[in-house]
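Here are a few exercises to work through with the model open beside you. Try each task before you read its solution.

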Amino acid sequence: MTRCIIGKGLPRIDAIPKVTGEAEYTVDLKMQGLLIGKILRSPHPHARIKSIDTTAAAQLQGVLAVITAKDVPGTLFSFYQWLADKNILCGEKVRYVGDEVAAVAAVDEDTAEEAISLIKVEYELLPAVFDIEEAMRPGAPLVHEGNESNSNWNVQRLFGDPDKALAECDYVVEGTYVTHAQAHSCLETSNCVAKWDMKDRLTIWTNAQAPHTQRQEVARILGIPRRNVRVINSHMGGGFGSKLVMDMKVPIAAVLSKITGRPVRIVNTRSEEFTTGKTRYPYTMHLKTGATRDGQIVVRDLELIGDAGAYHDKGPATINFSSMMFGTLYNVPNIRFEAKLVYTNKEMGTAFRGFGNPQVTFATESQLDELAAKMGIDPFDLRMRNSNCAMGTTSCGAEICGCGMSECLQAAADGIGWEAKKARPDDGALRGVGLANMVHTGGGGRFYGFNSAEAFIKLSDEGTVTLITSALDMGQGSHTTMAQIAAEELGVSLDDINILSNDTDLTPYDLGSWGSRATFMDGNAVQAAARDAKVALVAAAAEMLGADPADILIEESQIWVKGSAEKHPLSDIVDHSVNEHGSPISGTGRFVDTLPEGYTIPTAFAKNIPCFSFGTQAVEVEIDPETGQVRVLKVVAAHETGTTINQTMAEGQIEGSIAQGIGFALMERLLRVDGKVQNDRFLDYKIPNIGDMPEIEAILVESEGTNGPFGAKGIGEPGLVPTAPAIANAVFDAIGVRFHELPITRDAVLKALKEKQK
Amino acid sequence: MKKELHITVNGDAHHLLVDTGRTLLDVIREDIGLTGTKNGCGAGECGACTVLLDNEPVNSCLVLAHEAEGRDVLTIEGLAVGGVLHPIQEAFVSQGAIQCGYCTPGMVMSTKALLDRNPDPTREEILRGLRGNLCRCTGYVKIVEAVEVAKCLLAEGEPG
């Protein structure tokens, strides 16, 4: 089938408003009577609140409301409500430096800040726990009273007989791998405006990745009907997982608005974003991998401790997802995964691009190279021998339909010049190459017990198309993807598509943009809606042109009868249908990702993933022996797209993921002293800048076997997953030192080089 | 304390009464209402608020509004003339150099400053010229490509 729009690297449909400054973000919205809200946050990692005196703040001119815990509902909240542990404002104690204690609404920023400084809080300091070892020690201070320990959530997965396999296999490697807190660092910080109307309906303008679930979360914590909450999105300045779960600034702004009767805006400062905006979960992983003499990986055994920070948020879900990816990478018959989530007195974690997979893949793919070294075989060969295959079920129950892993592996290795570079004679330069594979979801997950999406299409009387979809564009480009899918299916040009997707009153219920989900799920719904509208359009054309519907062809907004040279603009057909017959043209589409037989949430494990995506990255690094800097020279990233919807945007997702992966591998870590973040600004918390980036070759591997729209899979996260282990493996190749902890900083490299010389 | 401020933004003369403590960024966004210029950090570390002040790129969050007294400011909104994109904007669109778009206005203004100063920068010079502008989405690959395309478009004598 020839395609006009799918696969092309067309410019994003929002590129022009974004490049001219016309695009409005939530921080740009202007509103009559808008007040500025500010949050007073705890300066202590763990303390009992003895008293709060708001008198002076409330008396300050220009202050319209001051609230503390007694002014807000006491309901506790978490992403999984059965694990609820977080209050809107802390009443009795604070659990990390940054916990919300009080809030004000004032006429302007300066007044709000001054009011905050006038609130007097008396604390009784409590002993705090900052690392997981400390937190798990018997008798350790409890972050949450009432629990038996700081670890009250864990998960075990067992497939096959790992103990037997470890005892019987020919080679076993074992090691501990550590990753740290990475900050999402969206350029637009988290922010919102809340406003109640006279009918007691609450509207929230915010930058949310999942507006419908946030609407439910806001209603849940405020104890109001869900129908009374409306969430409106604008253009979003990045998400990467940070804007999935409701932030407490939303109910705080809502309460301040309720009291003052005016709209209230709260915007994170950059420091608040770093210190309270949540992070990637730090993992400590003790891993064993075992293989037979012929290079078959037969067992993998992982003990994982996740550092939750002070509250659960997405921790349980993240660890669950880690277990699924851990179980699915290569078809390993014996798998054990034992994980604990541990509270500490620190900023909590949340979803972050890759969702627990970059951490475990750092461990598994680093250890794979250690195994290859021990066995004396090429890491490429070991990977190829164990590569996942299409059309099979893995030992942990993952159903792999399409799978391009071998192809990705070959393409990445060829792209970096694997064989030639491995055989390169030592010329004194500390250069090395490394590889890493990955598996990830290519279509979200069934974790809610269902996975579905809807979309609506209507044609104007001139034939332009309004597409109503819940696919949330946080910058990754899903609006353009949806528009391309609709345009291709309907046979109209891309310019004729107008998207509405920003308002929960308008859009169908949806689980949001996460887990590389939108292309697969919302894309399928959009394609179905376009197909539905096309049936009506073809019928109208057949009637008008006196032809058989089977002979009607539509492409690029032109309609003609098969065999005829006369083309009609689509607008003529729609105009005829609307104005001659009173019959407007529209379409509804629904995609329900059918649950596998016997599916239950607790037992589904890897059956939660509707479609898997595979990929490989090969990197070349050079190490400066003077400074210890690891310079990534080149990354070849081969990732499966199923079918590429937009070449330029798919490459952009991979390139951006690699940048964040390089940050995760080499640069980024929130540093704390006594629980207080020390690097709460871009000057001290370095994210990759334009000069830090290597040459990137993104290879899009198309593969069959997926029921995504036009066969497409999601590509939002995979690029981040294998970057760190590929770099760590290349560093080993360059200097013979194996790093088990990220980030691989200059200090760590210098220290390792010095020790090696001894 | 408020003081009179005379400032030209994108060719329009403004006469405002502005508190002496406020930044050029605040005045551009709030008083003049041009929200294309973004605030990413408020500390001159991300470049999202880059504007040209008398043709020189500045982090407008670090410039007091009154330092711009009597001077010319060019913001992202002033770049496209008569509905026609500037070649730099055109290149950012065609090369896919935009994702979330929040860094884009600053990135485009820094590119303008770079190409005004040096119409034929090497790759190294492009990297140096844009090092102060952070982007969390793109990995910069397509931004570098866009600057190279913009350089060619400008050399071909497109208006701008």
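**Exercise 1. The build of chain B**

In what order do the elements of chain B run from the N terminus on? Work that out, then look at how the chain is packed.

Solution. Keep in mind that this is a predicted model.
- Step 1: Reading from the N terminus, chain B goes β-β-α-β-β-β-α-α-α-α. That comes to five helices and five strands.
- Step 2: Now the dimensions. Along the principal axes, the C-alpha atoms of chain B fill a box of roughly 45 × 30 × 25 Å.
- Step 3: Compare with a globule. A compact globule of 160 residues would have a radius of gyration near 15 Å, and chain B agrees because its own value is 15 Å.
- Step 4: Check the inside. Buried residues are 57% of the 160 in chain B. Of the chain B contacts with a separation of 6 or more, 59% link residues 24 or more positions apart.

**Exercise 2. Two domains in chain B**

Find the domains of chain B and describe the side of domain 1 that touches domain 2.

Solution.
- Step 1: The domain assignment gives domain 1 as 2-78 and domain 2 as 87-155. Taken over C-alpha atoms, the centres of these two domains of chain B are 21 Å apart.
- Step 2: Count the contacting residues: 15 from domain 1 of chain B meet 13 from domain 2 of chain B.
- Step 3: Ask which strands supply the domain 1 side. In chain B, β3 (50-53) and β4 (56-59) each give at least two residues to it, and the largest share, three residues, is from β3(B).
- Step 4: Sort that side of domain 1 of chain B by class, and you get seven nonpolar, six polar and two charged residues.

**Exercise 3. Where chain B meets chain A**

Which elements of chain B give two or more residues to the side that touches chain A?

Solution.
- Step 1: Start with the contact itself, where 40 residues of chain B face 44 residues of chain A.
- Step 2: The elements you want on chain B are α2 (87-94), α3 (104-117) and α5 (141-155).
- Step 3: By class, the chain B side holds 22 nonpolar, 13 polar and five charged residues.

**Exercise 4. A covered helix and the core**

Take helix α18 of chain A, residues 723-735, and follow it from its span to its surroundings and on past its end.

Solution.
- Step 1: From first C-alpha to last, the 13 residues of α18(A) reach 18 Å, close to the 18 Å expected at 1.5 Å a residue.
- Step 2: Is the helix covered or open? Mostly covered, with 13 of the 13 residues of α18(A) buried.
- Step 3: Bring in the core. The largest nonpolar core has 289 residues, and I727(A) and V731(A) are among those with the most contacts inside it, along with V104(A), A412(A), L467(A) and A486(A). As for the elements feeding this core, α15(A) gives the largest share, 13 residues. As a general backdrop, nonpolar side chains in soluble globular proteins tend to be buried together.
- Step 4: Zoom in on I727(A). Beyond neighbours within four places in sequence, I727(A) has contacts that include G434(A), V619(A), V621(A) and L666(A).
- Step 5: Walk off the end of the helix. Just after α18(A), G736(A) has a positive phi of about 70°. Farther along, in the loop between α18 and α19 (746-757) of chain A, sits P743(A). The peptide bond joining L742(A) to P743(A) is cis, with omega about -10°.

**Exercise 5. Backbone oddities in chain A loops**

What phi does K278(A) take, and what phi does S516(A) take? Place both residues and say whether they are buried or exposed.

Solution.
- Step 1: Recall the background. Most residues other than glycine have a negative phi.
- Step 2: K278(A) goes the other way, with a positive phi near 75°. K278(A) is in the loop between α8 (270-276) and β13 (283-291) of chain A, and K278(A) counts as buried because 26 C-beta neighbours lie inside 10 Å.
- Step 3: S516(A) has a positive phi near 50°. S516(A) belongs to the loop between β21 and α15 of chain A. With 27 other C-beta atoms within 10 Å, S516(A) is buried too.
- Step 4: Look at G515(A), found in the loop between β21 (497-500) and α15 (518-545) of chain A. G515(A) has 30 C-beta neighbours inside 10 Å, so G515(A) counts as buried. Leaving aside neighbours within four places in sequence, G515(A) contacts F355(A), T441(A), G444(A) and G445(A).

Notes
Residues numbered from 1 in each chain as written. Chains lettered and ligands numbered in written order. Predicted model: local features only at pLDDT ≥ 70, side-chain atom pairs only at ≥ 80, totals over all residues. Helix = DSSP H or I, 4+ residues; strand = E, 2+ residues; numbered from the N terminus. Expected span 1.5 Å × (residues − 1). Buried ≥ 20, exposed ≤ 12 C-beta atoms within 10 Å, placed from the backbone. Domains from an automatic or database assignment. Contact = placed C-beta atoms within 7 Å. Nonpolar A, V, L, I, M, F, W, Y, C, P; charged D, E, K, R; others polar. Rg over C-alpha atoms; globule rule 2.2 N^0.38 Å. Core = buried A, V, L, I, M, F, W, Y, C linked by C-beta atoms within 7 Å.
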